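Please work through the following exercises with the sequence and the model at hand. Each task is followed by a solution in steps.

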Amino acid sequence: NQLETLRALVPDDCVDNIEDGGAIAGKEFGVVEEFVPGLVCPGLTLLCAKPKVGKSWLLLEFGLALANGGVAMGELRCMKVPSLLVMLEDSKRRIAARLKVLRPDGVPGGCSITCEWPKGAMGIAKLDAWLDKHPEVRMVGVDVLAAFREPVVNGGGYQSDYDAVAGLQKLAQRRGIAIVLVHHLRKADGDDPIDLVSGTLGITGAADHIIVITGNKEAGHKLSMRGRD
């Protein structure tokens, strides 16, 4: 029958990684690294806000602060780890102008930036290969999800949204790095910041951590953070 056919296709060693719960609980994994205190640690982090709030500026600020172990947002002392920023909505001209604003005294080395990258599975494969050659890089920023994911077919849906994020999340977990993925908020308002994230729950469900920025210039902005770690 079909079950027996499928069982015959399963490799003998496919369950060798199963362990007793007590054995797992007894292991020492060390503390979770915080690259940007309270905001960025290993795993996939969604950075979400409405257009023109400053998501790209914040991602650039993270990369620069991590490059020399500097201070982000005026007070957050960051680890010193190299980063890669994939800025798919910006030109090098615009990025150059923003770098001069954020670091008028000089841009530190250790923050690599590109404005071009393949989409979807091909983009993840290229990122994996690039990280093989640059194992010192511990944070990758991708701006923005809509420009990185595969084209949505027939309106997408939960599985399409989940798959768009899950590939990057698995890469981050396997390598023990942080991937910060910029995304948008929906137009509607709500009490729970997670409900404001654009798309289905597949996007937030696949992420390890979620940063949501709400508010406006007149009333001020609020940053909400929720995560597994």
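The exercises below treat nonpolar cores, cysteines and salt bridges in turn.

The model is predicted, so local features need pLDDT of at least 70 and side-chain atom pairs count only at pLDDT 80 or more, while totals for chains, interfaces and linings use all residues. Residues are numbered from 1 along each chain as its sequence is written, and side-chain values use heavy atoms, with hydrogens and water left out.

**Exercise 1. Nonpolar cores**

Determine the number of residues in the largest nonpolar core and the residues with the most contacts inside it.

Solution.
1. Apply the criterion: a nonpolar core is a set of buried Ala, Val, Leu, Ile, Met, Phe, Trp, Tyr and Cys residues joined through side-chain atoms within 4.5 Å. Buried means under 20% relative accessible area, exposed over 50%, and partly exposed in between (1.4 Å probe, protein chains only).
2. The largest such core holds 34 residues, and Leu 127, Val 140 and Ile 179 have the most contacts inside it.
3. Helix H7 (residues 158–175) contributes the most to this core, namely six residues; helices (H or I, at least four residues) and strands (E, at least two) are DSSP runs, numbered from the N terminus.
4. Beyond its neighbours within four places in sequence, Leu 127 is in contact (heavy atoms within 4.5 Å) with Leu 84, Trp 117, Val 140, Leu 168, Leu 171 and Ile 179.
5. Another core, of 31 residues, lies apart from it and includes Phe 35, Leu 58, Met 87 and Leu 99.

**Exercise 2. Cysteines**

Explain why Cys 48 and Cys 111 form no disulfide.

Solution.
1. A disulfide is taken as a pair of cysteine sulfur atoms within 2.5 Å.
2. For Cys 48, the closest cysteine sulfur is that of Cys 41, 15 Å away, which is too far for a bond.
3. For Cys 111, the closest is in Cys 78, at 12 Å, again too far for a bond.
4. Both residues are buried, Cys 48 with a relative accessible area of 0% and Cys 111 with 15%.
5. The count of disulfides comes to zero.

**Exercise 3. Salt bridges**

Locate the partners of the salt bridge between Arg 138 and Glu 33, then examine the pair Asp 161 and Arg 149.

Solution.
1. A salt bridge requires a side-chain nitrogen of Lys or Arg within 4 Å of a carboxyl oxygen of Asp or Glu; the count is eleven.
2. Arg 138 and Glu 33 meet at 2.8 Å, N to O. Arg 138 lies in the loop between helix H5 (120–133) and strand S6 (139–143), and Glu 33 in the loop between helix H2 (21–25) and strand S1 (43–49), 105 residues apart.
3. In the second pair, the closest N and O atoms of Asp 161 and Arg 149 are 3.0 Å apart. Asp 161 is buried at 7% relative accessible area, and Arg 149 is buried at 12%.
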